[in-house]
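User: I'm new to this structure and would like a close look at one part of it. Could you walk me through the nonpolar core and the charged pairs around there?

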Amino acid sequence: MRKTYLLYGLGLGLLLIVLKLIEYQFLVRMHIFEIYGGLIAVLFMGIGVWAGLKFTRKAPAPIIVQAPPVFDENKIKELGISKRELEVLELITQGLSNQEIADKLFVSLNTVKTHSARLFEKLDVNSRTKAINRAKELGIL
């Protein structure tokens, strides 16, 4: 009796496998374009990711070490420029606004304006651009 159940069970199992394969084949034939489209999409996505990583990778920027600026101490003393005024001039050269300079030096905005005005007086200029150019001419920057 066991042998009959075993053979019957194996027969049903094989029939189930055959039916699943037929169902699979039917699904594959019905949706072949979607399957191929999906495989092609995955392939091109992989190529795109690889190409993006390969060709857009930027080389690391070179590290540039600058020597500290050399100031003409004699000219600075001759003009009577204080250390704080020199700091303000350096920050003006970096393109910072008065408020940004004040924040960086931890002083008030009026203090920065005062230092700038005195600096412009000592350099005999009336604008930031002229002050930078004059300081470069004199060797202060």
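Analyst: Here is a walk through the core, followed by the salt bridges and a short note on the annotated spans.

Keep in mind that this is a predicted model. Let's begin with the largest nonpolar core, which has 12 residues. Its members are Ile-76, Ile-81, Leu-86, Leu-89, Leu-119, Phe-120, Leu-123, Val-125, Ala-131, Ala-135, Leu-138 and Ile-140. Three helices give two or more residues each to this core: α4 (83-93), α6 (109-123) and α7 (128-138). There's also another core apart from this one, with nine residues, including Ile-92, Ala-102, Val-112 and Ile-132.

Back in the largest core, Ala-131 is a handy place to zoom in. Setting aside neighbours within four places in sequence, Ala-131 touches Leu-89, Phe-120, Leu-123 and Val-125. As a bit of background, nonpolar side chains in soluble globular proteins tend to be buried together.

Now for the charged side chains. The structure has four salt bridges, and three of them are worth a look here.

Start with Glu-85 and Lys-122, whose side chains meet at 2.8 Å, N to O. This pair ties together distant parts of the chain, since Glu-85 sits in helix α4 and Lys-122 in helix α6, 37 residues apart. Is each partner buried or exposed? Glu-85 is buried, at a relative accessible area of 2%, while Lys-122 is partly exposed, at 29%.

Helix α4 also carries a salt bridge between Glu-87 and Arg-84, at 3.0 Å, N to O. These two are three residues apart in that helix, so about one helical turn separates them. Glu-87 has 33% relative accessibility and counts as partly exposed; Arg-84, at 31%, is partly exposed too.

Over in helix α7, Glu-137 pairs with Arg-134, and their closest N and O atoms are 3.6 Å apart. Here again the partners are three residues apart, about one turn of the helix. Glu-137 is exposed, with a relative accessible area of 61%, and that label follows because exposed means over 50%. Arg-134 is partly exposed, at 32%.

One last stop, elsewhere in the chain: an unreviewed UniProt entry annotates residues 7-27 and 33-53 as "transmembrane region". In the model, residues 7-27 are 100% helix, with end C-alpha atoms 30 Å apart. Residues 33-53 are likewise 100% helix, and their end C-alpha atoms also lie 30 Å apart.

Definitions and conventions: Residues numbered from 1 in each chain as written. Predicted model: local features only at pLDDT ≥ 70, side-chain atom pairs only at ≥ 80, totals over all residues. Heavy atoms only, no water. Core = buried A, V, L, I, M, F, W, Y, C linked by side-chain atoms within 4.5 Å. Buried < 20%, exposed > 50% of the residue type's maximum accessible area, 1.4 Å probe, protein only. Helix = DSSP H or I, 4+ residues; strand = E, 2+ residues; numbered from the N terminus. Contact = heavy atoms within 4.5 Å. UniProt positions renumbered as here; feature names shortened; annotations may be inferred.
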